[in-house]
Amino acid sequence: MATIKVQDLRKEFVTDTSTVVAIENVSFEVGGHEFVSVVGPSGCGKSTLLNILSGIESATRGTVDITEGDRKAKLGYVFQSARLLPWRSVIDNLLFVQSSRGPQVRARCERYLDMVQLSHTAKQYPGQLSGGMQQRVGIARAFSIEPDLLLMDEPFSHLDAITARSLRRELHVMWQETGKTVLFVTHDVSEAVELSTRIIMLAKGGRLVADLPVELPFPRD
Ligand code: ADP
Ligand code: ADP
């Protein structure tokens, strides 16, 4: 379980004609087995925040520390599309992101594929799977590297409502069973309420306007 410390974060994008403030003076801390959703309207800085947390973008001001005990935390990512390698089989898509090989690593990948109910597709290629199944593989891949923190950017936004709902349910179970910290970006407040233990709300101009605990348990069958 990772600890995230974000302090006085600011991000400006400077172009020839203007300066856009994407993140304005944002501070928060996340610790332990939390499922944190970052919500807000389009353009409020959600993706920018995630990109700074993952190190893709640098901050204009402020600090970000993501740690696991006294070391840097290991991060896993899930994007809007699964970004699978089409010329590799499903199981190979999980294996190639691992830092080591061997029977134990393979068994671990197979276990995560099983968690998203796709064991039977291990030898198939991404092009043979539906969009929802591909996204399931992307989620299994992110969990399979056993990251301390999972960063997710609107992972269900391209899926139909029924598929998205069943993937939310699976993700919630995986979050519970693996004890990971999840930071989940979405523009969909009801999705955030359904999944999260906590909601951080950004508003236009990248300001943090609310940071709320959520007590509603996800409905279980
Ligand atoms: P969200 O993910 O909430 O839709 P973004 O983080 O993508 O918001 O964008 C926040 C603001 O920063 C927007 O006004 C957007 O236009 C601007 N922005 C994002 N990336 C860039 C960039 N590379 N150059 C200039 N402006 C950017
Ligand atoms: P590229 O540099 O073209 O993005 P990479 O080899 O870095 O290629 O990764 C290919 C794909 O594998 C990425 O698009 C990403 O979806 C996935 N990937 C890489 N590392 C991870 C990781 N730690 N967790 C989850 N997915 C990953």
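Select glutamate 68 and then arginine 71, its bridge partner in β5. These residues belong to a predicted model, in which local features need pLDDT of at least 70, side-chain atom pairs count only at pLDDT 80 or more, and totals for chains, interfaces and linings use all residues. Residues are numbered from 1 along each chain as its sequence is written, chains are lettered from A and ligands numbered from 1 in the order in which they are written, and side-chain values use heavy atoms, with hydrogens and water left out.

Widen the selection to strand β4 (residues 61–68), which runs antiparallel to β5 and is joined to it by 2 bridges. Two strands are said to pair if DSSP finds at least two bridges between them, and the strands (E, at least two residues) and helices (H or I, at least four residues) are DSSP runs numbered from the N terminus.

Next, show the sheet to which these strands belong, an open one of 4 strands in the order β2-β1-β4-β5, with antiparallel pairing. At its edges are β2 and β5 (71–72), each of which pairs on one side only. Select strand β1 (residues 3–14) together with strand β2 (residues 19–31), and you will find an antiparallel pair held over 9 bridges; in this pair, leucine 9 has valine 26 of β2 as its bridge partner. The link from β1 to β2 is a hairpin through 4 residues. While you look along these strands, it may help to know that in a regular strand the side chains alternate between the two faces of the sheet.

Now add helix α1 (residues 46–54), which lies across β1, β2 and β4 and runs at about 120° to β1. Contact here means heavy atoms within 4.5 Å, while axes are lines fitted to C-alpha atoms (for helices over the stretch in contact) and angles run from 0 to 180 degrees between N-to-C directions.

Move on to the other open sheet, where 6 strands follow the order β6-β7-β8-β3-β9-β10 with mixed pairing. Because β6 (75–78) and β10 (207–213) stand at the edges with a single partner strand each, one side of each is left without a neighbour in the sheet. From one strand to the next, the twist averages 15°. Within this sheet, select strand β7 (residues 149–153) and strand β8 (residues 181–186), which pair in the parallel sense over 5 bridges, and pick out leucine 149, whose bridge partner in β8 is threonine 181. Helix α4 (residues 131–144) packs on the sheet, where it touches β6 and β7, and its direction makes about 175° with that of β6.

Keep α4 in view and add helix α3 (residues 103–115): the two axes come within 9 Å and cross at roughly 140°. That makes α3 oblique to α4, since angles under 35 degrees count as roughly parallel, over 145 as roughly antiparallel, 65 to 115 as roughly perpendicular and the rest as oblique. To see the contact, select Arg108, Cys109, Tyr112 and Leu113 of α3 with Ala140, Phe143 and Ser144 of α4. These residues divide into 5 nonpolar, 1 polar and 1 charged, where Ala, Val, Leu, Ile, Met, Phe, Trp, Tyr, Cys and Pro count as nonpolar, Asp, Glu, Lys and Arg as charged, and the others, Gly among them, as polar.

Then turn to helix α5 (residues 161–178), whose axis comes within 11 Å of that of α4 and crosses it at roughly 15°; α4 and α5 are therefore roughly parallel to each other. Among the residues that meet there are Ile139 and Phe143 in α4 and Leu167, Leu171 and Trp175 in α5. By class, this contact has 6 nonpolar, 5 polar and 2 charged residues.

Finally, zoom out to the protein, which has 6 helices and 10 strands.
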